[in-house]
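Hi,

Here is the structure I promised to pass on. Have a look at it first, and my notes on what turned up follow below.

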Amino acid sequence: MTSLNHSHSAVPVHPSLAHLSAADRDAFADEVEAIEARVMSSLGARDARYIRRLISAQRWLELVARLVIFAGILHWSGFIIGALMLALAKILENMEIGHNVLHGQWDWLRDPDIQAATWEWDNVCPSAQWQRSHNHLHHKWTNVIGMDRDFGYHILRLSDQQPWHPGYLVQPVSNLLMALFFQWGVAIHDDELATLRQGETPAPRARQKLDNLLRKIGRQLGKDYLLFPLLAGPFFLPVLAANAAANLLRNLWAYAVIFCGHFPDDVHEFTPEQVANEDRGHWYLRQVLGSANISGGPLMHLLSGNLSHQIEHHLYPRMPSNRYAEVAPQVRELCARYGIPYNSHGLARQLFTVWRKVFRYAVPGRNDTVLQAR
Amino acid sequence: MVASTVKKLLRAGDWLATPLNAARYLETINPLWSDHGRGRVERLIQETPDTVTLVIRANGAWAGGEAGQYVQLGLDIDGVRYWRCYSLASPVQPGSREFSVTVNRLDGGRVSTYINDCLRAGDLVHLKATAGDFVLPAQRDDQKLLFISAGSGVTPVMGMLRQLIAERSGADVVMLHFSPDYAHCIFHDELRASNSEQRRIHLAVTREDARDGDLAGHFSADMLEQVCPDWRSRQAYVCGPSSLMSAVSELFLGAGLSSQLKQEAFVLKRAEVPEGAGGKVGFVVAGKQVDADGKTSLLEVAEGAGLTPEHGCRMGICCGCLATLKEGQVRDLNTGEVFGESGEKVRICVCAAAGDVSLEL
Ligand code: FES
């Protein structure tokens, strides 16, 4: 991360970092980068095999899932088993494959079919649109209130640093809707499309973006809710229902994993002032403090697209995800040495504390800023 | 009829395969059912201690080509795909789509070494369309041809020779081929066996004593005069190292016959870039060229030249600034690694010029 300037001025740093001197932060950054360099220089055939096998396994699973759904015509259990398989296929495609390919983690293979620039994933948000809002805005401004648009997705208030207004009273309901329709939330949650309504984005660019979004939505809906059901003839509705169930399960799972990444208890938020003169060390430290891991076994890591290693993912967004598990203990040990909290708990605990925040911050605290109207 | 039905089905399949296309699923079942050019290595033939011939069967997506043209061959080595050009050393068999390329191990050549040491029958290679006009004339039965080659420059010439033999062409051929010694003479036996009244093949060795009737030494006008007195009236082809290429082309130039000579340089030298040096940066869409040092990101260089490339984080994490590399190589400012193959997408916010580069911006 060379482009951050080194300045150690007296701006307010985050309290959890107050014990570190400028030299400490530099040393921390050096160690973070040393871990990265070791892994990146060892990438090779084994890693290539991992992603290629995973992609081909996912495609097989999807093919078989669609067939099993059609087999529901012979016995109703096909609809249910097929829907579960399809949900699993979609989860793998969106999380461990799509998300990570779109970060450019596999660009080094130089395979035009496994590239950040060309991959299109199986959900309604066009890849290019998501890349911009996620990779750029969220990864660069992780947990900086007001800058990281993924913090609460502009619908939820998850920190007392966000001013309260009455609209947040319904956030337990918005939270539920967000979980159910997560892919749609991601698709419409875009700063340029939001400003479209206010006429701020230059019109042709916004129009183009909107066209791309609508085309993608059309194709995605057409596939799952029209073409495949039509192929089943009189069994149109059960096939449609199975596909809808698969999309719903994927939404719920993606929601759970992603909300656990930045919103559980003890994840830190930052003010724009705290990051105004951020140095290299600060930048890495914010990624650690602003992220939370989900502890679990290999299956959890695979199904979460290794976002169970959210901390490592934020430190090394371009490192192939299959390597996070091996660097996690090193990062954890590094944090321990520098007295930096490393947030890792099971899925249930992380999710519980997210939901507690959803309820707690729906109402204003005693000292919170209150805005009367949106 | 069948093909068009298959095409229609595939197009319908593309809708079902959204957001990918049907070919991505078909290639999961069989890698050769891809819509990208691919081939299977059917056989390997060891020609000399450091030269191997690959007999490749291409899939239907590969456009095919003519003997003497070059094909781009892509191989995944340690996970990374590398592309190299190799001449078709045989005509493409119409029914089987089989053809061969012959690869000489280059010193420090990653791909040629891999092909010689690691490639096995059954392995998959990636193929791009062939190109080049180093091919036989369309009307050739009554033609007089002259082939001059040296070292592995024999491969495209061999392709054309094999094609002439296969089609029992009436063309009259003289061939002059140089190699350092007999052990390193690629296609030695086949060349000898192909020698006939109609196709006179002369071998020359430069570092060993010549045997029965062969020639000794490097190319010279006298030697050509001796083996082929009517060279001025022939369509000529030359392929080999630059010393041979320039000797032959000067001779033809001096005789005012350059238009009768087709040349194929088979060694592309990549300019050595001194550590940390920059170079000229060309922006092909904008039609601009500027000088850049080896430390300034290409994004900044582009902005300095008045361009406004799309970008995001400016720190290498978002891929918002990817631009296609047309030529040359870049240096990753974070890792210092110098890389780049033409067509590759690079993050211009963290890459600087390493020598001359051109970008599709
Ligand atoms: S601008 Fe984000 S990677 Fe270059």
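**Where the chains meet**

Let me start with one pair: A:Arg110 and B:Glu344 join their side chains in a salt bridge, at 3.1 Å from N to O. Keep in mind that this is a predicted model. Across the interface of chain A and chain B, the rule finds 5 salt bridges, and it also finds 11 residue pairs in polar contact, both partners at pLDDT 80 or more. On the side of chain A that touches chain B, the elements giving two or more residues are helix 2 (45-71), helix 4 (127-140) and helix 8 (203-231) of chain A. That side divides into 18 nonpolar, 11 polar and 14 charged residues.

As for the extent of the interface, 43 residues of chain A are in contact with 34 residues of chain B. Between them the two chains bury about 3,500 Å², with carbon and sulfur atoms accounting for 59% of it. Which residues of chain A lose the most area to chain B? They are A:Arg59, A:Arg110 and A:Arg219, together 22% of what that side buries. So you meet A:Arg110 twice here: in this list and in the salt bridge with B:Glu344.

**Inside chain B**

The domain assignment splits chain B into domain 1 (36-131), domain 2 (144-265) and domain 3 (278-359). I looked at how domain 1 of chain B and domain 2 of chain B sit against each other. Their C-alpha centres are 24 Å apart, and the contact takes 17 residues from domain 1 of chain B and 14 residues from domain 2 of chain B. About 1,100 Å² is buried between these two domains, 61% of it from carbon and sulfur atoms.

How many salt bridges are there between domain 1 of chain B and domain 2 of chain B? The count is 0, and the rule finds 1 residue pair in polar contact across that interface (both at pLDDT 80 or more). On the side of domain 1 of chain B that touches domain 2 of chain B, strand 1 (38-48), strand 2 (51-58) and strand 5 (98-104) of chain B are the elements that give two or more residues. Strand 5 of chain B gives the most, with 3 residues. By type, the residues of that side are 6 nonpolar, 9 polar and 2 charged.

**Salt bridges elsewhere**

Over all chains, a search of the whole structure finds 46 salt bridges. A few are worth pulling up on your screen.

- B:Glu42 has two partners to look at: B:Arg40, with the closest N and O atoms 3.2 Å apart, and B:Arg57, with the closest N and O atoms 3.3 Å apart. B:Glu42 lies in strand 1 of chain B and B:Arg57 in strand 2 of chain B, so this pair ties together parts 15 residues apart in sequence. B:Arg40 counts as partly exposed at 33% relative accessibility, and B:Arg57 also counts as partly exposed, at 34%.
- B:Glu360 and B:Lys326 meet through their side chains in a salt bridge (3.4 Å, N to O). B:Glu360 is in the segment after strand 18 (351-359) of chain B and B:Lys326 is in strand 15 (residues 322-332) of chain B, so the pair links distant parts of the chain, 34 residues apart. B:Glu360 is partly exposed, with a relative accessible area of 38%, and B:Lys326 counts as partly exposed at 37%.
- In chain A, salt bridges with shared partners join A:Glu62, A:Arg66, A:Lys90, A:Asp122, A:Lys223 and A:Asp224 into one network.

Cheers

Key: Residues are numbered from 1 along each chain as its sequence is written. Chains are lettered from A and ligands numbered from 1 in the order in which they are written. This is a predicted model: local features need pLDDT of at least 70, side-chain atom pairs count only at pLDDT 80 or more; totals for chains, interfaces and linings use all residues. Side-chain values use heavy atoms; hydrogens and water are left out. Domain bounds come from an automatic or database domain assignment. Contact means heavy atoms within 4.5 Å. Buried area is the accessible area (1.4 Å probe) that two parts lose on being put together, summed over both. A salt bridge is a side-chain nitrogen of Lys or Arg within 4 Å of a carboxyl oxygen of Asp or Glu. A polar contact is a pair of N or O atoms within 3.5 Å; within protein, one must be able to donate a hydrogen and the other to accept it, and residues adjacent in sequence count only if both atoms are side-chain atoms. Helices (H or I, at least four residues) and strands (E, at least two) are DSSP runs, numbered from the N terminus. Ala, Val, Leu, Ile, Met, Phe, Trp, Tyr, Cys and Pro count as nonpolar, Asp, Glu, Lys and Arg as charged, and the others, Gly among them, as polar. Buried means under 20% relative accessible area, exposed over 50%, partly exposed in between (1.4 Å probe, protein chains only).
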